[in-house]
Amino acid sequence: GIIHHLTCPLFVFTLTKPAIFARETSCDCRAPHEKLTIAQARRGTPVDRPVRVYADGIFDLFHSGHARALMQAKNLFPNTYLIVGVCSDELTHKYKGFTVMTEIERYEALRHCRYVDEVLRDAPWTLTPEFLEKHKIDFVAHDDIPYSSAGSEDVYKHIKEAGMFVPTQRTEGISTSDLITRIVRDYDVYARRNLQRGYTAKELNVSYINEKKYRLQNQVDRMKEKVRTVEEKSKHFVYRVEEKSHDLIQKWEEKSREFIGNFLELFGPDGTWKQVFQERSGRMLSYALSPRESPCNSPPRELSPLRSPSPPSPPARWHNARPSPPTSPKGASASISSMSEGDEDEK
């Protein structure tokens, strides 16, 4: 509980604001500074102050490998105050080589790492007892690989012998040298990239001939990209047309099956239309074969009292009378003979 109260405000401060710069005169730690062993520090003692851990380096092109090493250093003990020393450009160029980032840029990169509590600028290349005492450093954190430099096989040898060295693990696959190697290996790609982004050939230290070559290659790449874009759009359009055609064909097949089914249901061998036709044909045939007879005992029609009788027809005169047509051949001969007899009487 005590360790939590000691570390919590500092942790929040580290996450919300950049780490502070170390004072060049003296350490801010006011608690009695007694020498600790690693076992004591891991048990969480002393309770009245944090364990002060120092990690130094160049930190050029600050990357995840640097951050992981600092995370390990910060979590070595329950209550750790992490001081990070960053060497200046002068020392680095003298003992290691040219850097990509300036010392100011490297200082600022470390200040914004969440695991760092304090940044010490212009850190020494070799740690002396006086330096360790001045900054009240309990332990030094670094990877365990011997670091030969400045005429020494291992600049941390005396720290290890004093029992103040705590090893951290390197992150495989990434380092500042690896990043620089990638850039050098693909120099043409990055030169063309920056020319395309507006940097001048002078800023990139590129000759006139190489500048023209890179710009031509950029134009060729742009043309290829346009062609590739047109191809992708064409493929997408063709795919959409095929998809729509497939949908239309599928709908047409469904409608065709539905139409054929309805047609067969109506006009097929056992369809509705045949049944209707057969019923109507049978009804008409039955009417033709057996017509309906009028009833024999139907009552005679009586005149309606409201209707007046039709006037009698005038008597027909004899000379105007015309014989009614015979209803049979015998009747016809009889009428002819009577007519002949009448003629003879007149004579």
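Q: Which strands and helices each supply at least two residues of the lining of the largest pocket?
A: A pocket is an open set of points on a 1 Å grid over the protein atoms alone, where a 1.4 Å probe fits, with protein on both sides within 12 Å along at least five of seven lines; lining residues have an atom within 4 Å of a point. Here strand E2 (51–57), helix H3 (64–74), strand E5 (139–143) and helix H8 (176–185) each do so, and H3 gives the most, with 5 residues. This is a predicted model, where local features need pLDDT of at least 70, side-chain atom pairs count only at pLDDT 80 or more, and totals for chains, interfaces and linings use all residues. Residues are numbered from 1 along each chain as its sequence is written, and side-chain values use heavy atoms, leaving out hydrogens and water.

Q: Which residues are closest to the centre of the largest pocket?
A: Of the 37 lining residues, Ile58, His66, Lys96, His142 and Arg170 are the closest to its centre.

Q: How do I read the packing of two helices, and at what angle do H9 and H10 pack?
A: Two packed helices are described by the angle between their axes and the distance between the axes. Helix H9 (residues 187–196) and helix H10 (residues 208–267) pack at about 80 degrees, with their axes 10 Å apart. H9 is therefore roughly perpendicular to H10 (65 to 115 degrees).

Q: What kind of aromatic pair do Tyr54 and Phe131 form?
A: Rings of Phe, Tyr and Trp (its six-membered ring) pair if their centres lie within 6.5 Å, and planes over 60 degrees apart count as edge-to-face. Tyr54 and Phe131 are edge-to-face, 5.4 Å centre to centre with 70 degrees between the planes. This pair links Tyr54 in strand E2 with Phe131 in helix H6 (residues 129–134), 77 residues apart.

Definitions and conventions:
Axes fitted to C-alpha atoms, helices over the stretch in contact; angles between N-to-C directions. Helix = DSSP H or I, 4+ residues; strand = E, 2+ residues; numbered from the N terminus. Parallel < 35°, antiparallel > 145°, perpendicular 65-115°, else oblique. Phe/Tyr/Trp six-rings, centres within 6.5 Å; stacked < 30°, edge-to-face > 60°.
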